Amino acid sequence: MAEPSELSRYIESYVDSSSTPAQQAASLDSVGCLVKSDSLTLEALVRELQIYLTTTDNVIRARGILLLGEVLKRIESKPLGSANIHTLVVFFKDRLADWRALRGALIGCLSLIRRKSVVGMVTGTDAKAIVQSFLDYIQVQSLGQYDRKLSLELLDCLLERYSDVLASLGEELIYGICEAVDIEKDPECLMLIFHIIETVGKLYLDPSGPNTNFVEEIFDILEAYFPIHFTHPVGDDAHVQRDDLSRALMAAFSSTPLFEPYLIPLLLDKLSSSLHSAKIDSLRYLRACSSKYGAERIAKYVRAIWPLIKDIISTYLEDPDFSFTLAPLNGFGPSKNELVIEALSLLQQLILQNSNLLVSLIIDDEDVNICIKTTASYEKYNDIPVQEKKKLHCVGCILHVMAKTSLSSCNEVFQNHFSRIMDNLVSVGNLDNPQNGEVFPSQRVKFGLLYLCIELLEGCRKLFSVSEHPALQYVLEHETCCTELHRFSTPLFNAFCSVLALSNEICPLDPEIYIGVKGLQILAMFCSDVFPVSMLLFEDILKKLMSIIIEDSNKMTLWEAALKALFHIGSFVQKFDESEKAMSYKSLVVEKAAELLSINDINLPLSLKVKALSEIGMTGKINMLTVLQGLRGVVFANVSDVCASRNSRSFETAVQLLECYSCKLLPWIHENRCSEEFIEQFAVDIWAHAGNCMDICAPFEEKGLLDALMKVMKVSVASCSVDSQNTIILKAYTVLSSHTNFQLNKVQRMPLSPGQYDISHRDEWILSLFASAIIAVCPKTHIPNLRVLLDLFMVMHLRGIVPAAQALGSIINKLASKSSSAESSSDLTLEEALDIIFCTKLWFSTSDMLQRTNRTNGSAMVITDLCLGGANDRLLQINAICGLSWIGKGLLMCGQEKIKDIAMIFIGCLKTEEQPLDPLVMKCAADAFHVLMSDSDVCLNKKFHAIIRPLYKQRFFSSMMPVFQQLITKSHPSFSRSFLYRAMAHIISDTPLIVILNDANKLIPVLLDCMSILTEDVQDKDILYGLLLLLSGILTNKNGTEAVTENAHIIISCLTRLVDYPNKTLVRETAIQCLLAMSELPHARIYPMRTQVLQSIAKALDDKKRSVRHEAIRCRRAWSHH
């Protein structure tokens, strides 16, 4: 039990009005914890509180009751006996009459009502007593906002949980609710009110019930809020948004059909409002209420609703988009205008509900019929007047909705409009019986009629889609829409082909292209279960589209449209398991596309062949396998041709296909979880062909092909499981050991000449390819003979083969440490590998050849000596630094402490006190920090299974910055200082912004110093731009405001010098944007620099780049106001 003195102290602190809110909250929490932990019983607490609960001091009594109520709130899940609950109910419901202690009473009642049966809940009789007391004593609208909210929450909770018991209160309850909710304006309270009325409407306002005389009164309360006019600020601090209120009000309106005589006329009237939100809400409410009120009640309003819907659609509908780059997958897609979207949704709802009545109104509508009749007189889209185009699109959308909504409406519109449209098309051109593939005069096919046909076809196709309507999988041969489609399918095909023939001749952006291709696409995408388009017609469509792919590459709009159509048709056939169509698609499209790669006597460029092949392959797993098999044969045939005859055309073909495979096909295979069998085999085949290249006499020097093969190898290995990776690596090692001159069993004595070591291009190629495979393996993948490979990579990276250095970094990153519990497939630990790299000595022999040895005699040096110039060979030193940077990156990412030693080696290359170093060496050492900190796409990333320790950049930044700042302070020659700044710039620019912001006040001067130094050399422009972006991030982040204000003077001085920076446009543009951001700082802080800024901006007004001039104008305007 809690000590009485301790409890009394908590109570006194809470009820004492002189206590701070924090002290009161702490005391309340303490009392609540005592009760929850059974250190204090509720009875004991009430006894201790007795004097506070009954005192005549209004303030103390209110605080005492509030304390008890808050404690009950904290123990809602704690079991209580029924007697205790009843006693508490009696106490709190009586206190509802005490207006000075009302808040505590409301909280107490609410806490009791929310209790669940498993822990003891309020009985129905007690709940009714609380409601009766609520109705008798509480005038809700006379209370403050928080107390009103509590009152409404209590009322809402009572109605939700005790509706059956409260029904006996009858009219008294309804009247009390009306009185409580009237004239409320607070958003949070309104949300509760709307939910209360929704509950009342569902439970108590039955058409045959006794409370119908309150319907008009309740509706009058709700009507005052429609449409929602929300004036509260929108933002993160606003708990309730306008849309929340609107949805809640809509739910209240639709809670009972008794609101229909009052609501529907109101909504129809608001549809004519000039207020945009009122129109949208009216449409939404009509749709919601029509589904709730029922067809019989809504039927009498249909004749009034239809003209209003038609008017909204015709007024706000945008012109159709005939661009294939922006078009939807099928048809013309929904409008982007919110009013039109809501109007069409309402139309669809009403057709479902009152099909016969509304459909007949639309069929007989004079405007619709005049539009169809007028459209028949125009041959081309551009001939149609602007207003007529809008009417045409409006009618098309309406017909589309009719066709897709229900079978009956689809039949009606096909019987009355589609047949008439097709009769007009057939009458103007003999489209029924083509002879020998003849295309009839396209100028006689009316664009508008074809457009309406497409809208009807797409609507009907959606209706019959198996995915959306599984109940319609039975045969519908005798339905009107199907018989009409059967009847006119061939004329439609000919009409679409005909309009394409004309569009080829007119304009590359002609809408006729869109109409023709979309029409063919939609015809081919009807499900066979409901509308069996003949296989002959389906194949004719595929042949037509493929003929465009092969013959019309000079008409890019048409070509791309045909390719997109083929993609959607193929995806559809695969998705709906249309086996017969799938076979035709495979033979006529997929296999034909694969064959195109081997055909050289057509005018289709290679880039388009590759694009067509990839798009068609992505239609499904089976099609992708066919494409991959065709691609594999062509790739290796061309690689072999390059090796044998150095054919430039074969080189280009191989590179483009490999790029397609790595950048498009492999990601698709991974995303769609296809079998990795092909990926593994493709990688193994690369190694088989790499091995065969040893028999080729011609040197292998095609760098572009090597890069493409390396990228494929990396992505392929990374995509495979460990077992598949083991297979690939084993094959790669076999080729490396048996088809090169490296002699891996003697690699420890391999000679290395610092400037001229004779290695064949083929061997370098195979080694680089092998390194790319090593880069991408998982940590658990077994790498054979790893010790020897480390020796080989060490030798090769000193020769400047960068993939060897990257492979070293990846191996080091993925090796397990002795102290680590992580699994590893290697018998080599991280410590042993580091010992090989850093302790194995390299020495000069008598023939001036650098060799690897573990001996301690001779002119020996480790890699550290090479980095610091011990070999007196600049190229060797640069290669050593480059290699060590990748090794260091691997260590840094996995959190190894050895990285600090490597960083100090690089810093040692930047100091010139002892002996001057070559500028290129110092630049390489500075850029090594970029390798360490930057995110690499080529290795050591998540995609290639690198081990990445969280926050590794932050830790490295924190450890290096003090070192660099100290070195810069002590460095005397400006030459050395510039490279120190360059290195520090790399570290800063690659560190996450949030880290910089934490210490921005100290870092901003350093950042500006780096920027000033980097402006001197044109080669530093990209680093400068990176720092400028970082500064921009500081300026625009609220956490950096204080530091920016403190350093405003030096920031502006630096930025004004960059306004006319000549070497990079983005630097000038971003500098001006930063100055614009600086104009938001306090006036007194930046006004002294106003003249300086305006003078520098004046130069930028004449900049040769328009983007810079534009930013300069904005900046000058902002600073002129100061």
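Tutor: A nonpolar core is a set of buried Ala, Val, Leu, Ile, Met, Phe, Trp, Tyr and Cys residues joined through side-chain atoms within 4.5 Å. The model discussed here is a predicted one.

Student: How many residues does the largest nonpolar core have?

Tutor: Among the residues with the most contacts inside the largest nonpolar core are Leu 45, Phe 194 and Phe 793. Phe 929 and Ile 988 also belong to that group. The size of this core is 404 residues.

Student: Which helix gives the most residues to this core?

Tutor: The top contributor supplies 12 residues to the core. It spans residues 447–464 and is helix H23.

Student: Between which two domains does the core lie?

Tutor: Residues of the core come from both domains, so the core lies between them. The two are domain 1 (4–228) and domain 2 (992–1122).

Student: Which residues does Ile 988 touch, leaving out those up to four places away in sequence?

Tutor: Ile 988 is one of the residues with the most contacts inside the largest core. Its partners are Phe 957, Met 961, Ile 996, Val 1006, Leu 1007, Cys 1010, Leu 1027 and Leu 1030.

Student: What secondary structure does the protein chain have?

Tutor: Of the elements, helix H6 (residues 102–113) has the highest mean pLDDT, 94. Strand E2 (residues 850–853) has the lowest, 47. The count for the chain is 53 helices and 3 strands.

Student: Where does pLDDT stay under 50?

Tutor: The protein chain averages a pLDDT of 84, and 87% of the residues score at least 70. One stretch under 50 has 27 contacts beyond four places in sequence, and it covers residues 749–757. Another has 17 such contacts, and it covers residues 434–443.

Student: What share of the residues in the protein chain is buried?

Tutor: The chain exposes about 48300 Å², and carbon and sulfur atoms supply 50% of that area. Of contacts between residues at least 6 apart in sequence, 74% join residues at least 24 apart. Among the 1122 residues of the chain, the buried share is 55%.

Student: Is the pair of Phe 929 and Phe 964 stacked or edge-to-face?

Tutor: The structure holds 21 aromatic pairs. In this one the ring centres are 5.3 Å apart and the planes stand at 80°. Planes over 60 degrees apart meet the cut-off, so the pair is edge-to-face.

Student: Which helices hold Phe 929 and Phe 964?

Tutor: Phe 929 is buried at 0% relative accessibility, and Phe 964 is buried at 0% as well. The pair ties together parts that are 35 residues apart in sequence. Phe 929 lies in helix H42 (residues 919–933) and Phe 964 in helix H43 (residues 952–970).

Student: Which residue of helix H42 is 9.0 Å from Ile 887, C-alpha to C-alpha?

Tutor: The residue in question is 45 residues from Ile 887 in sequence. It is buried, at 0% relative accessibility. Its contacts include Ser 885, Gly 888, Leu 892 and Phe 956. The residue is Leu 932.

Student: Which residue does the cis peptide bond join to Phe 226?

Tutor: Phe 226 is one member of an aromatic cluster that also includes Phe 219, Phe 253 and Tyr 285. Most peptide bonds are trans. Here omega is about -10°. The partner lies in the loop between helix H12 (215–223) and helix H13 (242–253), and it is Pro 227.

Student: What is the phi of Asp 38?

Tutor: Most residues other than glycine have a negative phi. Asp 38 sits in the loop between helix H2 (21–36) and helix H3 (42–54), and it is exposed at 54% relative accessibility. Its phi is positive, about 65°.

Student: Where is Arg 673 found?

Tutor: Arg 673 has a positive phi of about 55° although it is not a glycine. Its relative accessible area is 75%, so Arg 673 is exposed. It is found in the loop between helix H31 (648–671) and helix H32 (677–692).

Student: Is Ser 772 buried or exposed?

Tutor: Ser 772 lies in helix H35 (residues 761–775). Beyond four places in sequence, it touches Met 710, Met 713 and Lys 714. Its relative accessible area is 0%, so Ser 772 is buried.

Terms used:
Residues numbered from 1 in each chain as written. Heavy atoms only, no water. pLDDT = per-residue confidence, 0-100. Helix = DSSP H or I, 4+ residues; strand = E, 2+ residues; numbered from the N terminus. Contact = heavy atoms within 4.5 Å. Buried < 20%, exposed > 50% of the residue type's maximum accessible area, 1.4 Å probe, protein only. Areas by Shrake-Rupley, 256 points an atom, 1.4 Å probe, with all protein chains shown as cover. Domains from an automatic or database assignment. Phe/Tyr/Trp six-rings, centres within 6.5 Å; stacked < 30°, edge-to-face > 60°.
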